[in-house]
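Work through the exercises below with the sequence and the 3D structure at hand. Try each task before reading its solution.

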Amino acid sequence: MFKPLSIAILAASLFASPIAFSADKTSVKISAPWEINSYDPAVSGFAFHRLQVMETLVDADTKGVLIPGLATEWSATEDGMSWTLTVREGVKFHNGTTMTAEFVAKSLITALAKPGMLKKAPIKSIEAKDGKILIQMEKPFSALPALLTHNTTVISAPASIDAEGNAVAAIGTGPFTVDTFTPPQGLSLKRNDDYWGDKALLESASYLATSRAETRALIAESGDADLVFNLDPSGFAHLKDVDSVTAMADAIPRVVSLKLNASHKFLDDARARQALSMAINRQGIATAITRFPEASATQLFPPVLSEWHDKDLKPLTNDVEAAKKLLADLGWKAGDDGVLTRDGERFKLLLRTFPDRPELPLIATALQDQWGEIGVELEVSVSSYSEIPKGHKDGSLEVALFARNYGLTPDPIGTTLADFGKGGGDWGAMGWDNATVIDALDKISQTSDASVRSENIATVVKAVHDELPLIPVVWYQHTVSVAKDLKGYVVDPLERNYGLSKVSWGK
Amino acid sequence: MLQRSVFWSALAGRAVQAVVVAVVVGIISFAMMQALPGDSAYRIAAGRYGYDMMDAASADQVRTELGLDQPVVVQLVSWLGSLAQFDLGKSSVSGSPIAEELKTQMGYSLLLAGAGLLVSLLIAIPVGIMAGLKPGGWFDRFSLAASIFFRAIPAFAIGVVLMLGFAVHTKLLPVAGFKGPEYLVLPALTLGLGLAAVSSRVIRDAVSEAMSAEWRLFSRTKGLSSKLTLSRHVLRNAALPVVAYVGVQLAFLIEGVVIIESVFAWPGIGHALVHAIFGRDVPMVQGTALALGLMYVVLNLIVDLTCHGIDPRRSKTA
């Protein structure tokens with residue numbers, strides 16, 4: 001009587017087991033929009049870093065505080081002209097090679113030769129000396145350790161690169177090793193049992209690049225992936241009602257803003273830029289398009305970037321009448337069709353944006369309508385985002401709409417220096433050279449004195465807020481869907497790390 | 001003897017065609033990429049580094065690295081030179097050898113296309129024959145309505161509906177991915193339904209035409225049963241246009257799966273080609289176009305030989 005039943009149960013559990021236990025409970029599946037094109041850290045470092053295949057010399061916690069990574073300590077000389085980093089001992093690459101200072105230096109030199117974060121620092125040379133890394137600077141740069149947290153500075157084994165300098169493998173030091181790589185869609189990972197730090201709790205992980213937001217939402221709902229990143233507003237709203245997942249949103253330092261050509265004859269007066277800013281109904285855009293009403297921007301830097309966010313700054317407001325008056329003061333008069341004219345010229349601008357972030361074209365058309373109310377005719381061109389740096393360089397750009405991440409590194413000075421420093425930046429100011437700001441940014445980048453820093457940051461923030469070389473529209477929320485039974489996942493506001501090594505399954 | 005000579009002459013003819021296709025496709029795709037607006041160094045840098053890291057300096061670096069400042073003719077000649085040595089070069093965006101990328105992506109696309117075609121034939125053949133045997137009957141009209149319905153709905157919508165039904169609500173199949181055979185079912189079904197919508201009508205027309213042909217009447221008159229007439233004569237004759245159509249369809253399908261590949265996160269060649277065009281990855285576009293062009297040649301060869309097998313009279317008249 002007993003036997004057939006137990007055999008039946010055994011048979012049933014055999015069939016059920018691959019799905020119910022082994023596959024789900026020792027592995028985690030991730031889905032995100034970003035395709036992984038290559039083994040090259042300059043191209044795909046973001047993925048290898050987030051998935052913990054490769055690591056950086058300096059690490060950062062979720063609050064942005066710098067903590068030791070592959071370097072155990074770092075310090076600069078008194079004059080700030082040279083940095084020394086001590087390389088962690090006993091670290092092995094995934095292929096078994098021991099990580100030495102020489103290998104680390106080689107990896108950094110390769111990174112420095114390619115586009116990436118290190119380019120933002122005035123580095124003269126990088127060399128290995130007595131188990132330490134010595135970085136000589138052309139001028140003092142206090143944020144160097146913060147730049148060394150960026151994914152374009154990950155350390156990879158010498159065997160990752162072939163004789164001709166091509167990246168042929170992703171051999172890092174992290175808690176996960178690459179098992180199979182199917183560019184551009186998939187990557188599967190195994191636990192690195194020789195990891196120098198706390199070993200991963202799960203045995204394996206897999207990543208699937210899913211470019212369409214609709215698919216990602218369905219993947220989250222069906223349980224085909226346990227961690228799903230970057231949900232679209234409607235998918236996010238829907239997943240909030242799904243019992244098997246937790247939909248989380250966290251403020252991140254990414255900002256949708258308008259870049260204005262301040263040397264354009266319509267835009268060279270700060271009042272014109274202020275008028276355009278006042279015509280924007282940010283609350284409406286944040287409510288209807290991005291669907292996080294609390295994230296309508298009141299200033300450029302969001303609260304999550306606490307050092308650069310000034311609570312006492314007068315918020316940017318929506319005031320169509322005041323905007324009209326400002327433009328009237330500048331000599332603009334409404335023509336027969338409602339479009340403003342001055343000296344026979346229509347107030348007409350071309351806005352460039354791109355579809356990779358699906359909300360951008362929507363916001364652009366909302367702006368077209370809102371600026372229309374004050375008599376500014378806006379034409380929208382949706383193309384490759386590379387048209388924006390190109391237009392900056394050849395001077396043809398009038399207005400651009402994009403999302404800028406000020407949290408690429410825990411200290412955003414590298415980015416702000418590039419954006420608002422001398423000559424402006426591809427993704428920052430254009431035709432707006434403000435000597436006070438340039439000077440303040442230089443001071444911030446060179447000092448490690450907290451009070452000098454905050455005083456100069458306040459100067460930059462105020463000038464950018466008053467003169468609006470960039471008009472902020474909305475702040476970003478990072479959205480993630482997490483399977484209910486997945487424990488230990490923490491949102492990283494800097495989007496550096498998915499924290500896979502710390503997640504596990506439990507009830 | 002005859003069979004053999006037909007085979008070799010078909011093969012030789014197609015081999016010459018292959019070489020011509022390779023050169024022409026390479027030159028045309030190169031010329032078209034050059035004609036596209038926008039600075040390719042900027043587009044390539046965008047494809048490589050993403051919008052957080054891409055800037056004018058990285059575009060300039062790409063220009064120098066890839067020699068994009070060289071005259072256009074020099075770039076084309078160098079590609080043709082490498083091609084003569086069976087070297088397709090490296091992708092401008094990912095840096096990996098084109099041949100390797102094509103191998104993976106073409107493999108996945110062929111798998112998806114083949115499975116889609118199989119599904120479509122499993123649906124279209126019985127439906128087409130049933131409808132063609134009684135043109136104007138209720139089944140014919142019903143299948144026409146279904147065909148219009150599936151043809152009119154975009155593949156994208158069919159895919160999402162199937163995902164909702166089979167993956168999200170019943171959890172029978174995974175939504176998207178490519179790690180096992182179960183991942184192939186939904187994209188293949190999406191493709192197959194769209195294809196069957198047309199091919200079932202082609203089959204129906206071919207069958208109904210064969211059914212009304214004089215030779216069918218003759219075969220019935222000479223005493224063959226209706227079943228034998230169907231299997232020996234009608235289906236054989238009806239198969240000719242169907243094979244030719246399916247051959248064309250398969251080639252069209254491999255590039256036409258772009259939307260299905262992105263909806264189901266399938267690492268295929270259509271998806272790769274679109275990305276390569278956006279990223280101005282000229283070697284990748286040339287390599288992909290070349291592979292697709294050669295595949296047309298191979299498919300034509302297969303269709304020729306199959307048709308010859310079905311109807312050996314064709315080669316004598318030709």
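**Exercise 1: a small sheet**

Find the order of the strands in the open sheet of chain A that has 3 strands.

Solution. The order is β13-β14-β15 (chain A), and the pairing is antiparallel. Strands here are DSSP runs of E with at least two residues, helices are runs of H or I with at least four, and both are numbered from the N terminus. Two strands pair if DSSP finds at least two bridges between them. Next, the edges: β13 (333-334) and β15 (345-346) of chain A each pair on one side only. Last, β13(A) and β14(A) are joined over 2 bridges, and K333(A) has T341(A) in β14(A) as its bridge partner.

This is a predicted model, in which local features need pLDDT of at least 70 and side-chain atom pairs pLDDT 80 or more, while totals for chains, interfaces and linings use all residues. Residues are numbered from 1 along each chain as its sequence is written, with chains lettered from A and ligands numbered from 1 in the order in which they are written.

**Exercise 2: a helix with two sides**

Identify the buried residues of helix α9 (residues 320-329) of chain A.

Solution. A residue is buried with 20 or more other C-beta atoms within 10 Å of its own, exposed with 12 or fewer, and partly exposed in between; C-beta atoms are placed from the backbone. The buried ones are A323(A), L326(A) and L327(A). Seen down the axis of α9(A), they fall within an arc of 95 degrees (taken from the directions from the axis to the C-beta atoms), so they line one face. The face turned away carries the exposed E321(A) and D329(A).
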